[in-house]
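Open the model in a viewer and keep the selection panel at hand. The stops below go from one selection to the next.

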Amino acid sequence: MLCKGENRNPEHCLKEGRKVTRCATDVINKLRENCLAEFDKHWQCLENNNQQYYMCRKPERALNKCVFEKLGLVKTIPGSPQGQPQIHEKTNPIFGAMQK
């Protein structure tokens, strides 16, 4: 985004775009190699629950744990309050599954 702010010419940002694409591809490949089962469970949960995140916190925790341990990545949500646990770290979130 900074590159686009510097110059509106698309050719100016091609090198940075390639780096971003290469990085994203690398992360996806590592995710497939190390956490495919957890990713599939989380994806299926979201697919079956109309993309409602609060319905899929358990599979998300398993995926996060795998990613944190095996890939060494860290999930931080911008703008979240300092000194409080992130939403994905809460064991008893406010929202729960709705019963009909």
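Select Cys35 and Cys66 and show their side chains. The torsion about their S-S bond is about -90°, so this disulfide is left-handed. The two residues are far apart along the chain: Cys35 sits in helix α2 and Cys66 in helix α3, 31 residues apart. The S to S distance between Cys35 and Cys66 is 2.0 Å. This is a predicted model, so the geometry here is that of a prediction. Cys35 has 0% relative accessibility and therefore counts as buried. Cys66 has 5% and is buried as well, because the cut-off for buried is under 20%.

Keep Cys35 selected and add the whole of α2, residues 14-48. Where does α2 bend? The bend is at Cys35 and amounts to about 100°. The end-to-end distance shows a shortfall too: a straight helix of 35 residues would span 51 Å at 1.5 Å a residue, whereas α2 spans only 38 Å between its end C-alpha atoms.

Next, colour the buried residues of α2, which are Leu31, Cys35, His42, Cys45 and Leu46. Part of what covers them is α3, residues 57-71.

Now select Leu31, Cys35, Leu63, Cys66 and Val67. These five residues form the largest nonpolar core. Helices α2 and α3 each supply at least two residues of this core, and α3 gives the most, with three. As background, nonpolar side chains tend to be buried together in soluble globular proteins.

Within that selection, centre on Leu63 and show what surrounds it. Which residues is Leu63 in contact with, leaving aside its neighbours within four places in sequence? The list is Leu31, Cys35, Glu38, Phe39 and His42. Two of these names, Leu31 and Cys35, belong to the core just selected.

Go on to Cys45 and Cys56. How many disulfides does the structure hold? It holds two, and the one joining Cys45 to Cys56 has an S to S distance of 2.1 Å. With -95° about the S-S bond, the link of Cys45 and Cys56 is left-handed. Cys45 lies in helix α2 and Cys56 in the loop between α2 and α3, so the pair ties together parts that are eleven residues apart in sequence. Cys45 has a relative accessible area of 13% and is therefore buried. Cys56, at 0% relative accessibility, also counts as buried.

Add Cys23 to the view. This cysteine is in no disulfide. The nearest cysteine sulfur to Cys23 is that of Cys35, 16 Å away.

Finish in the loop between α2 and α3, with Asn50 and Gln51 selected. Just after α2, Asn50 takes a positive phi of about 55°, in a residue other than glycine. Is Asn50 buried or exposed? With a relative accessible area of 59%, Asn50 is exposed. Gln51 has a positive phi as well, of about 60°, although it is not a glycine. Its relative accessible area of 45% makes Gln51 partly exposed.

Key:
Residues are numbered from 1 along each chain as its sequence is written. This is a predicted model: local features need pLDDT of at least 70, side-chain atom pairs count only at pLDDT 80 or more; totals for chains, interfaces and linings use all residues. Side-chain values use heavy atoms; hydrogens and water are left out. Helices (H or I, at least four residues) and strands (E, at least two) are DSSP runs, numbered from the N terminus. The expected span of a helix is 1.5 Å times one less than its number of residues. The bend at a residue is the angle between axes fitted to the seven residues ending there and the seven starting there. Buried means under 20% relative accessible area, exposed over 50%, partly exposed in between (1.4 Å probe, protein chains only). Contact means heavy atoms within 4.5 Å. A disulfide is a pair of cysteine sulfur atoms within 2.5 Å. A nonpolar core is a set of buried Ala, Val, Leu, Ile, Met, Phe, Trp, Tyr and Cys residues joined through side-chain atoms within 4.5 Å.
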